[in-house]
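I opened the model today to look up a few things and write them down. The entries follow in the order I made them.

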Amino acid sequence: MKRDHSKDAKPEYQVSAQARRLDIGLIHEFLRGSHWAKNIPRSVVVRAIRNSICFGVFYMGRQIGFGRVITDRATFAHVADVFVLPGHRGRGAAQLLLRAMLGHRQLQGLRRWMLATLDAHGLYKKFGFVPLSRPESHMTIHRPDIYQKKKRGAETPGKTSKSKIQTRRSLKF
Ligand SMILES: CC(C)(COP(=O)(O)OP(=O)(O)OC[C@H]1O[C@@H](n2cnc3c(N)ncnc32)[C@H](O)[C@@H]1OP(=O)(O)O)[C@@H](O)C(=O)NCCC(=O)NCCS
């Protein structure tokens, strides 16, 4: 039997897509400790929020959860940075959040929704997400250590440091 998601969440939780209601400090604090965005700088969080459709979950006026959708608003959406604060887990808040995301008026009729998760597959499965049917047809550039302190001499792939260019030049002449 299909489950009625409208009964999943306690009524005191509310979801809002109003950016001005978001608690940036709380979002940054959680994300910089998360396994997927460890040490993410606040400025990057702010930029990501500005360029996504963001959803806050609120309890008695205070934000206790978050998630954002990276999208072209026409064909594709990627769900990212979903979390609920530990004291509020297991009470339907994430399901309320997912329902709001998938029901958002600018996110209707998309060809594909994507997300990546370490262990919350069961949550997303409730909303129709399934593992990739052909994982071999998807590719990624993944830099899990991007926010870790840069080691001396470490470089971003594809980029060459100024000092190295100078060294190469000085070797030439
Ligand atoms: C994952 C997370 C957002 C779930 O939030 P939540 O408010 O506790 O979830 P809900 O109470 O709305 O419901 C979760 C449902 O999914 C199921 N589920 C499956 N795998 C789960 C998992 N790894 N974590 C939480 N719930 C999971 C639960 O059993 C529950 O279903 P049920 O009500 O039928 O028992 C929360 O545990 C969290 O913030 N975790 C840390 C951050 C994280 O891992 N985020 C996911 C990034 S993709």
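Before starting I fixed one cut-off: a residue is buried if 20 or more other C-beta atoms lie within 10 Å of its own, exposed if 12 or fewer, and partly exposed in between. I also noted that this is a predicted model.

Entry on Arg-73. I looked up its phi and found it near 65°, a positive value in a residue other than glycine. Most residues other than glycine have a negative phi. I placed Arg-73 in the loop between β3 (62-71) and β4. Arg-73 has 14 C-beta neighbours inside 10 Å, so I put it down as partly exposed.

Entry on Asn-39. I found a phi near 65° here, positive although the residue is not glycine. Asn-39 sits in the loop that runs between α1 (24-33) and α2 (42-50). I entered Asn-39 as partly exposed because 13 other C-beta atoms lie within 10 Å.

Entry on the ligand. Which residues come nearest to it? Of the 15 around the ligand, I listed Arg-89, Ala-94, Thr-117, Gly-122 and Leu-123. I then sorted the shell by class and got seven nonpolar, five polar and three charged residues. β4 (76-84), α3 (93-103) and α4 (121-125) each supply at least two residues of this shell.

Entry on α3. I wrote down its buried residues as Ala-93, Ala-94, Gln-95, Leu-96, Leu-97, Leu-98 and Met-101. What do these buried residues pack against? I found β1 (13-16), β2 (53-59), β3, β4 and α4. Ala-94 appears in two of my entries: it is among the residues that come nearest to the ligand, and it is buried in α3.

Note on methods:
Residues are numbered from 1 along each chain as its sequence is written. This is a predicted model: local features need pLDDT of at least 70, side-chain atom pairs count only at pLDDT 80 or more; totals for chains, interfaces and linings use all residues. A residue is near a molecule or strand if its C-beta atom, placed from the backbone, lies within 6 Å of it. Helices (H or I, at least four residues) and strands (E, at least two) are DSSP runs, numbered from the N terminus. Ala, Val, Leu, Ile, Met, Phe, Trp, Tyr, Cys and Pro count as nonpolar, Asp, Glu, Lys and Arg as charged, and the others, Gly among them, as polar. Two residues are in contact if their C-beta atoms, placed from the backbone, lie within 7 Å.
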